[in-house]
Amino acid sequence: MNTTVSEALTQFTQQYVTKWKEQTGLSPASCDLYGIPSPCVIRTGENWVYWEPQAFPIADKNLNKVATALDIELQPMIHPFYSTQLAGDMKAQFEGHLLNLVQVWSEEDFIRLQENLIGHLVTQKRLKLSPTLFIATLESDLEMISLCNLTGEIILEKFGSKEKRVLAPNLIHFIQELTPVVEPLE
């Protein structure tokens, strides 16, 4: 049976939440998301929130506004990546890279995400770079992990440059190879 992006993402998210609960006795927590409304919030701490993933509430489960804005066709795998669930960003390891898997936190965040993807693609077009769709951030603000919109490969790219390296043949493979990382709040 072939796994879908939604299934791979749901399985990884379950592993992530389970690992948090095993190591801390609590659901995943985030300081960055404190004070930002979301159906994911299950409890609030002093300056952090505890969260759990929720079903994606928006009927349009796609990024067609991004495609329309730039008059391009997007890799089909990007749609379910950003519209399977609402969740906080999740830390993970992939082949020695510590990353934050970008997720949608709320309906408002989905709008912001689309605006950021449009801005990213416009910048790439202006710089005559091949189009990519970011899916994870790294420690360095200059690098990110993205889905190549031409090939469907997952790449490590340096922002604003042609410098890139293929990490995985596709999004499903990438997600299935992620290892959840728990960094409890101090």
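Q93 sits in strand 6, residues 90-94. Strands here are DSSP runs of E with at least two residues, helices are runs of H or I with at least four, and both are numbered from the N terminus. The model is predicted, so local features need pLDDT of at least 70 and side-chain atom pairs count only at pLDDT 80 or more, while totals for chains, interfaces and linings use all residues. Residues are numbered from 1 along each chain as its sequence is written, and side-chain values use heavy atoms, with hydrogens and water left out.

Q93 counts as partly exposed because its relative accessibility is 29%. The scale calls a residue buried under 20% relative accessible area, exposed over 50%, and partly exposed in between, using a 1.4 Å probe and protein chains only. Leaving out residues up to four places away in sequence, Q93 touches L98, E177, L178, T179 and V181; a contact means heavy atoms within 4.5 Å. One of these partners, L178, is 85 residues away from Q93 in sequence, yet the two C-alpha atoms are 5.7 Å apart.

L98, another partner of Q93, belongs to strand 7. With 25% relative accessibility, L98 also counts as partly exposed. Its contacts, again without residues up to four places away in sequence, are A92, Q93, T137, L138, E139, V181 and E183. A short separation along the chain can go with a long distance in space: L98 and R126 are 28 residues apart along the chain, and their C-alpha atoms are separated by 30 Å.

Between strand 6 and strand 7 (97-101) runs a loop that holds E95. This residue has a positive phi of about 45° although it is not a glycine. Most residues other than glycine have a negative phi. E95 is exposed, because its relative accessible area is 59%. D71 is another residue with a positive phi, near 55°, and is likewise not a glycine. D71 lies in the loop between helix 2 and helix 3, and its relative accessibility of 72% makes it exposed. K128, just after helix 4, takes a positive phi of about 60°.

Helix 4 is the next element to follow. How far apart are the end C-alpha atoms of helix 4? They are 29 Å apart, which agrees with the 28 Å that its 20 residues should span at 1.5 Å a residue. The expected span is 1.5 Å times one less than the number of residues. The buried residues of helix 4 are D109, F110, L113, Q114, L117, H120, L121, T123 and Q124. Their cover includes helix 2 (64-70), helix 3 (78-83), strand 8 (132-138), strand 9 (143-148) and strand 10.

Helix 4 also helps to line a cavity. On a 1 Å grid over the protein atoms alone, a cavity is a set of points where a 1.4 Å probe fits but cannot get out; a pocket is an open set with protein on both sides within 12 Å along at least five of seven lines; lining residues have an atom within 4 Å of a point. Grid points are joined across faces, edges and corners, and a volume is the space filled by probe spheres set on the points. The whole structure has 1 cavity of 30 Å³ or more, and the largest cavity contains about 40 Å³ of space. Its lining consists of H120, T123, Q124, L129, E157, K158, F159, G160 and S161. Helix 4 (107-126) and strand 10 (154-158) each give at least two of these residues, and the largest share, 3 residues, comes from helix 4. By class, the lining has 2 nonpolar, 5 polar and 2 charged residues. Ala, Val, Leu, Ile, Met, Phe, Trp, Tyr, Cys and Pro count as nonpolar, Asp, Glu, Lys and Arg as charged, and the others, Gly among them, as polar.

The largest pocket has a volume of about 810 Å³. Helix 1 (5-24), strand 1 (29-30), helix 4, strand 8 and strand 9 each give two or more residues to its lining. Of the 33 lining residues, D32, L33, D89, N100 and T137 lie nearest the centre of the pocket. The lining divides into 17 nonpolar, 8 polar and 8 charged residues.

Cysteines come last. How many disulfides does the structure hold? There are 0, where a disulfide is a pair of cysteine sulfur atoms within 2.5 Å. For C40, the closest cysteine sulfur is in C31, 17 Å away, which is too far for a bond. C40 counts as buried because its relative accessibility is 0%, and C148, at 7%, counts as buried too.
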